[in-house]
Amino acid sequence: MTTDHTLFRNLVEPTEDGGRERVIHAVDVHKVYRTGTQETHALRGATLEIFRGEYLSIMGPSGSGKSTLFNMIGALSKPTSGKVYIDQVDIAELDPNELAWLRCRKVGYVFQTYDLIQVMTCLENVTLPMAFAGIEPEPAREKGIEILQLLGLGERLLHKPAELSGGQQQRVAIARALANSPEVLLADEPTANLDQRTGQEMIDLFHELKRRLGVTIVAATHDLKMLMRSDRILWIEDGRIVRDARPSDVDFSAAEFH
Amino acid sequence: MSTMTEPTRNAIPAQPKLPLGVAVAIVRQGIRIRLGRSLVTLLGVTLGIAFLMTTLTAQVLRRGVADEEALREVANRRYAVLLSETGPLLGKNLSLVASGPLDDGERRLLARLSDERVRELRLRPGTVLSGEVVSPRAVQKTLDDWTRGSTAVLVLGNAPMPAATELLGGASKQVVASSRAASVAPTDGLTVVGLNRPPSAEEQALARHEAERERFRTAWIVAVSLLVTVIGIANSMLMSVTERFRDIGTMRCLGALSGFVRTLFLVEAAFMGVAGGVLGAVGGMLFALGTYLLPYGGTLLLAAVGQGAGALVLMLFGSVVAGVVLSLLAALYPAAAAARMVPADALRSTV
């Protein structure tokens with residue numbers, strides 16, 4: 001894969017999308033993990049912009065720094081150097097308390113393994129981030145029910161995650177991510193653990209959410225169907241963004257997709 | 001609008017601190033759902049505290065029954081001294097003259113003798129056995145024959161020592177046992193046994209040595225029980241915390257403050273500490289009471305409990321407090337470790 005330098009310029013100074021508002025802006029982000037004497041460079045100067053209301057897919061092989069990048073734009077960890085702005089706030093400047101505030105309200109995270117809290121009902125899982133945000137139990141409950149109904153889980157409010165199918169669990173995880181009306185919904189391989197049909201439903205759901213709630217969706221994925229329906233695709237390799245393209249400009253018959 | 005110069009920092013308010021009630025509700029729910037697991041943790045705390053409480057209660061009870069122990073010791077010694085002169089008393093006759101109040105040691109000796117199935121306890125006229133010592137083998141005799149054919153004559157209480165001829169009762173020799181042996185003039189044929197023989201220097205040294213060893217043993221048992229308690233509780237709490245690292249990470253990703261995570265675990269530890277402490281303290285005390293009930297009987301035990309009531313109540317409270325404090329201490333490290341966890345560590349999935 002070759003690096004397209006014109007596209008890189010686009011990342012820093014958007015021309016075509018100049019009128020749009022940036023929700024996430026990462027500038028020359030480096031992340032180094034130290035284990036003993038070993039240094040691992042997970043990110044080596046990643047730069048990217050994510051605009052409000054877009055549906056972005058991020059592609060990258062295992063070990064490319066994709067997880068680390070996700071952690072950065074989800075305010076889950078700070079960069080070693082470089083800037084990460086979430087809704088125009090530099091997360092490197094925030095103390096743990098403020099980071100918690102940001103994570104709680106600005107970002108909705110859908111983990112690959114869903115990571116629902118097994119001892120809680122679906123509704124309690126969804127109201128938990130609202131509790132963290134300081135919302136009173138009653139309004140939180142009402143909003144939780146509303147979100148779960150929106151995601152077609154109105155009948156499963158009081159079920160435990162273990163009683164649900166994989167697709168339903170993921171919907172609960174999405175509902176939980178949407179609980180505090182975040183700017184960005186981050187989804188880590190949302191279709192990886194789902195069968196074809198459920199995966200397709202999940203893609204439709206993301207589009208529905210984007211349309212109805214105006215939420216920005218960022219998904220790490222290798223799923224061709226998902227890539228093809230996104231607004232934009234970023235490629236990450238060796239800790240850098242190496243390509244940025246619209247699906248219409250991408251040859252999906254290329255070997256990298258199969 | 002897209003801005004070319006990013007503001008370095010917007011006004012980001014701090015995440016609100018949640019009221020304790022939220023943590024309590026989450027913990028209560030967690031305990032209810034993971035009931036089996038919670039019970040195992042609870043059992044760890046309960047057993048630790050019960051062990052501690054059993055040891056402590058035993059100390060109090062032992063003090064309470066110490067007088068009784070001493071009495072038994074005296075009675076045993078008197079009995080042994082008597083037997084050393086008479087040989088086994090099974091089926092033999094004994095004579096008794098007594099008046100005035102008997103001391104505890106004398107009463108014990110009589111009770112012991114009737115247990116030994118002496119054939120007859122022949123009473124000198126005027127000797128009336130008071131209510132405490134009712135021997136079914138007691139037989140009232142006349143002045144002429146009350147010592148005849150007896151293996152030994154007991155002179156108890158403040159009864160005056162009968163004349164030598166009366167004691168011999170026609171025989172050529174007789175064993176006379178009295179708590180006031182010194183007042184008997186040595187006469188041919190009379191073997192006088194002093195029931196009040198003070199313990200010899202050797203016996204006293206042995207007793208001191210035994211008491212010393214007992215103190216050491218007690219200190220050792222209390223120390224070990226404390227250690228067992230601490231380790232048991234620490235282990236239970238560590239287990240229950242580590243198995244939930246994943247949930248903690250998830251909560252942190254959802255915006256939970258590290259302080260809240262710490263609170264969660266400390267609240268749970270306090271729950272376990274209170275419940276385990278109460279169960280363990282009460283259970284441990286009952287167990288100790290049970291083990292003392294058998295050899296000492298209810299009346300004596302009640303007296304011992306009454307005597308040490310203050311100490312026991314203090315120990316009950318102390319054990320509950322110990323349960324809570326130890327649980328909290330044991331949870332402190334894992335709770336802090338959980339709170340320190342970087343939220344990103346929850347994302348173990350490899351993308």
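Here is a short talk about cover and empty space in a predicted model.

Visitor: What kind of model is this, and how are its residues numbered?
Guide: The model is predicted, and totals for chains, interfaces and linings use all residues. Residues are numbered from 1 along each chain, as its sequence is written.

Visitor: What makes H2 of chain A a helix?
Guide: Helices are DSSP runs of H or I with at least four residues, numbered from the N terminus. H2(A) covers residues 66–73 and has eight residues, so it fits that rule.

Visitor: Why is H2(A) called mostly covered?
Guide: Buried means under 20% relative accessible area, exposed over 50%, and partly exposed in between (1.4 Å probe, protein chains only). Seven of the eight residues of H2(A) are buried. Among them are A:Leu69, A:Phe70 and A:Ile73. In chain A, 57% of the 258 residues count as buried.

Visitor: What makes a space a cavity?
Guide: On a 1 Å grid over the protein atoms alone, a cavity is a set of points where a 1.4 Å probe fits but cannot get out. Four cavities of 30 Å³ or more are counted.

Visitor: Which residues are closest to the centre of the largest cavity?
Guide: The largest cavity holds about 160 Å³ of space. Of its 14 lining residues, the closest to the centre are B:Ile26, B:Arg34, B:Arg244, B:Met251 and B:Leu264. Lining residues have an atom within 4 Å of a point.

Visitor: What makes four residues of that lining charged?
Guide: Asp, Glu, Lys and Arg count as charged. The lining of the largest cavity divides into nine nonpolar, one polar and four charged residues.

Technical notes:
Chains are lettered from A and ligands numbered from 1 in the order in which they are written. This is a predicted model: local features need pLDDT of at least 70, side-chain atom pairs count only at pLDDT 80 or more; totals for chains, interfaces and linings use all residues. Side-chain values use heavy atoms; hydrogens and water are left out. Helices (H or I, at least four residues) and strands (E, at least two) are DSSP runs, numbered from the N terminus. On a 1 Å grid over the protein atoms alone, a cavity is a set of points where a 1.4 Å probe fits but cannot get out, and a pocket is an open set with protein on both sides within 12 Å along at least five of seven lines; lining residues have an atom within 4 Å of a point. Grid points are joined across faces, edges and corners, and a volume is the space filled by probe spheres set on the points.
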